[in-house]
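Hi,

Here is the structure I promised to pass on. Have a look at it first, and then read my notes below.

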Amino acid sequence: IVRLLLKRKDIDVDKDFKGRAPLKIAQLKNHTKIVALLQQHISVRKKSREQMKSAITIGDAYTVETILNSEMIGVNDVVVPIQFQRDRLLHFACRKGHVNVVKVLLKRKNIVVNQTNHYGETPLFVACMNGHVDVVEALLVRDEIKINQADKRGITPLSITCENGHVGVVEALLKRNEIRINQADNNEVTPLYVACQYGHVDVVR
């Protein structure tokens with residue numbers, strides 16, 4: 001039964017819905033064969049995740065697609081499992097700024113473009129924060145993109161872009177009819193205020 005379950009590409013071997021680790025449970029129950037199966041599966045997945053992380057970092061779109069086709073990693077999986085980040089594949093690709101990799105991920109039919117990481121940041125937010133104009137434009141093509149979706153602090157993609165002074169990204173966002181230019185964060189700070197605060201004259205204009 002365990003072998004059959006492990007063949008499922010959507011199986012989560014890290015924890016169940018109660019937060020319990022299957023490997024830990026198997027060890028406590030002394031199910032040695034199941035422990036061996038889980039350890040092997042976890043090892044392969046870990047290796048695939050590290051290969052995926054490296055491929056995204058250097059912009060190797062071919063390897064990214066190859067790993068996805070192997071189904072050892074799902075397109076919405078976490079690739080940076082650090083507790084206070086938890087970037088998924090699309091987040092990490094947007095952070096690194098390789099538009100060719102981003103486009104490979106966006107072609108997958110089950111990609112969730114508005115997924116959030118630990119901080120409540122969407123891939124669009126991450127791309128805007130880092131000033132990757134071509135990545136932002138690739139994301140904005142998607143009809144389901146939520147351009148005004150804020151992070152846990154209430155900061156929107158436009159606001160974080162204004163904070164960092166990325167003029168090209170600001171221009172790309174302002175072309176969208178649904179953009180809310182006066183949407184304030186949890187401290188009632190607007191994008192315009194932020195741009196003025198940080199002295200980004202070109203953004204204010």
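Let's start with Asp151, which is buried, with a relative accessible area of 7%. Keep in mind as you read that this is a predicted model. Asp151 counts as buried because the cut-off is under 20% relative accessible area. You'll find Asp151 in the loop between H8 and helix H9 (157-164). Its side chain makes a polar contact with the side chain of Arg153, at 2.7 Å. If you skip the neighbours within four places in sequence, Asp151 is in contact with Tyr119, Gly120, Glu121 and Phe125.

Another loop residue to click on is Thr122, in the loop between helix H6 (99-106) and H7. Is Thr122 buried or exposed? Thr122 is buried, and its relative accessible area is 2%. Not counting residues up to four places away in sequence, Thr122 touches His91, Asn114, Gln115, Thr116 and Gln149. Try Pro157 too: Thr122 and Pro157 are 35 residues apart along the chain, and their C-alpha atoms are separated by 8.6 Å.

Now for the core. In soluble globular proteins, nonpolar side chains tend to be buried together. Here the largest nonpolar core has 47 residues, and the ones touching the most other members are Met52, Val64, Leu90, Leu105, Val136, Leu139 and Leu173. Which helix gives the most to this core? That's helix H7 (residues 123-129), with 6 residues. Leu139 is a good one to zoom in on: leaving aside its neighbours within four places in sequence, Leu139 is in contact with Leu90, Cys94, Leu106, Pro123, Leu124, Ala127 and Ile145.

Helix H4 (residues 61-70) is worth a look as well, with Ala61, Val64, Ile67 and Leu68 buried. If you look down the axis of H4, these buried residues fall within an arc of 130°, so they line one face of the helix. Tyr62 and Asn69, on the other side of H4, are exposed. After H4 comes Glu71, which has a positive phi, near 65°.

Last, a word on confidence. The protein chain has an average pLDDT of 86, and 82% of the residues score at least 70. Among the elements of the chain, helix H8 (residues 133-140) has the highest mean pLDDT, at 98, while helix H1 (residues 2-6) has the lowest, at 66.

Cheers

Conventions. Residues are numbered from 1 along each chain as its sequence is written. This is a predicted model: local features need pLDDT of at least 70, side-chain atom pairs count only at pLDDT 80 or more; totals for chains, interfaces and linings use all residues. Side-chain values use heavy atoms; hydrogens and water are left out. A nonpolar core is a set of buried Ala, Val, Leu, Ile, Met, Phe, Trp, Tyr and Cys residues joined through side-chain atoms within 4.5 Å. Buried means under 20% relative accessible area, exposed over 50%, partly exposed in between (1.4 Å probe, protein chains only). Helices (H or I, at least four residues) and strands (E, at least two) are DSSP runs, numbered from the N terminus. Contact means heavy atoms within 4.5 Å. pLDDT is the predictor's confidence in each residue, from 0 to 100. The arc is that of the directions from the helix axis to the C-beta atoms. A polar contact is a pair of N or O atoms within 3.5 Å; within protein, one must be able to donate a hydrogen and the other to accept it, and residues adjacent in sequence count only if both atoms are side-chain atoms.
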